[in-house]
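Please open your viewer and get ready to make a few selections. We will go stop by stop, and each stop says what to pick and what is there.

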Amino acid sequence: MTTLKKVGRPKKFDRDTALMSAVNVFWLKGFDGASMTDLTEAMGVNPPSLYAEFGDKLNLYRLAIDRYASNDACSPLVAFESEPDIEKAVRAFLNEVIVYSTKHSSGAKGCFLSSSVATSAGEIEGVQELLKKAIETTDRRLAKRFDEAKTEGSLRKDFPSLERARLMFDLRQGLVFRARAGCSVKSMKTDIDQRVRMILSDQSS
């Protein structure tokens, strides 16, 4: 007599790891291009387990966006927040953006939010709100680091933290766009010093 084994979620299933695997699939293929087979294979679950844990493909996409946006291990932000010297911190952020955008382990180029999510904002329910939330959260984290430098005395007291945080985010997106277009790392690093000076300039725009 043959005993049929139940196929279900792996015993060592890790929700966070599975979500990051889903991010990589959506990043490479987009929402429409990512099939359920692509997702289940990358996440290490079968279709019933995926639906039970994450809901349908749309809900999984929303969860993947939220997971990516709230990821404390986002390397450019970590580089910026962990470097004590503010000038070196800004430079580390920009350099890490270039590395992150050109040599991501998934093989994807650019940034998940700008390369994939932004193209579906306004078309897929709930995505625009999540994207706006991610941008605002990043702005606040960058501004907080500038505020800390002001408290320490390495930036003037009236330094426009949020304004420069937004500028830094926008410069980041420019680098991401260049990476997506296939620009070389060398060419993207050419103007790093000028960008650092722009961000830390004493003149308010």
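Start by selecting Lys29 and Asp38 and showing their side chains: the two form a salt bridge, with N and O 3.1 Å apart. Keep in mind as you look that this is a predicted model. Is Lys29 buried, partly exposed or exposed? Its relative accessibility is 45%, so Lys29 counts as partly exposed. As background, side chains of opposite charge can pair when their charged atoms come close.

**Helix 1 and helix 2**

Now widen the selection to residues 15–33, which are helix 1, and residues 36–43, which are helix 2. The axes of these helices lie 9 Å apart, and the packing angle is about 160°. Because angles over 145 degrees count as roughly antiparallel, helix 1 is roughly antiparallel to helix 2. If you view the pair along the line between the axes, the crossing of helix 1 and helix 2 is right-handed.

To see who touches whom, colour the contact residues:

- On helix 1, pick Ala18, Ser21, Ala22, Val25, Phe26, Lys29 and Gly33.
- On helix 2, pick Asp38, Leu39, Ala42 and Met43.

Colour this contact of helix 1 with helix 2 by class and you will find 7 nonpolar, 2 polar and 2 charged residues. Both partners of our opening salt bridge, Lys29 and Asp38, are in that contact list.

**On to helix 3**

Keep helix 2 and add residues 47–54, which are helix 3. At what angle do the axes of helix 2 and helix 3 cross? They cross at roughly 85° and come within 10 Å. Since 65 to 115 degrees counts as roughly perpendicular, helix 2 is roughly perpendicular to helix 3.

For this contact, select Met36, Leu39, Thr40 and Met43 in helix 2, which meet Pro47, Leu50, Tyr51 and Phe54 in helix 3. By class, the contact of helix 2 with helix 3 has 7 nonpolar residues, 1 polar residue and no charged residues. Leu39 and Met43 deserve a label here: they are among the helix 2 residues that meet helix 3, and they also belong to the contact with helix 1.

**A salt bridge across the chain**

Next, jump to Asp193 and Arg91, whose side chains meet in a salt bridge at 3.0 Å, N to O. Which parts of the chain does this pair link? Asp193 sits in helix 11 (residues 192–200) and Arg91 in helix 6 (residues 86–102), so many steps along the backbone that the two are 102 residues apart. Asp193 is partly exposed at 40% relative accessibility, and Arg91 is partly exposed at 23%.

Then move to Glu163 and Arg164, a salt bridge with its closest N and O atoms 3.4 Å apart. Glu163 is partly exposed, with a relative accessible area of 29%. Arg164, at 2% relative accessibility, counts as buried because the cut-off for that is under 20%.

Now go back to Arg91 and add Glu87: salt bridges that share partners join Glu87, Arg91 and Asp193 into one network. How many salt bridges are there in total? The count comes to 11.

**Zooming out**

Finally, show the whole protein as a cartoon: there are 11 helices and 0 strands. Of its 205 residues, 42% count as buried. If you draw the contacts between residues at least 6 apart in sequence, 69% of them join residues at least 24 apart.

Notes
Residues numbered from 1 in each chain as written. Predicted model: local features only at pLDDT ≥ 70, side-chain atom pairs only at ≥ 80, totals over all residues. Heavy atoms only, no water. Axes fitted to C-alpha atoms, helices over the stretch in contact; angles between N-to-C directions. Helix = DSSP H or I, 4+ residues; strand = E, 2+ residues; numbered from the N terminus. Parallel < 35°, antiparallel > 145°, perpendicular 65-115°, else oblique. Left-handed = near helix turned anticlockwise from the far one by under 90°. Contact = heavy atoms within 4.5 Å. Nonpolar A, V, L, I, M, F, W, Y, C, P; charged D, E, K, R; others polar. Salt bridge = Lys/Arg side-chain N within 4 Å of Asp/Glu carboxyl O. Buried < 20%, exposed > 50% of the residue type's maximum accessible area, 1.4 Å probe, protein only.
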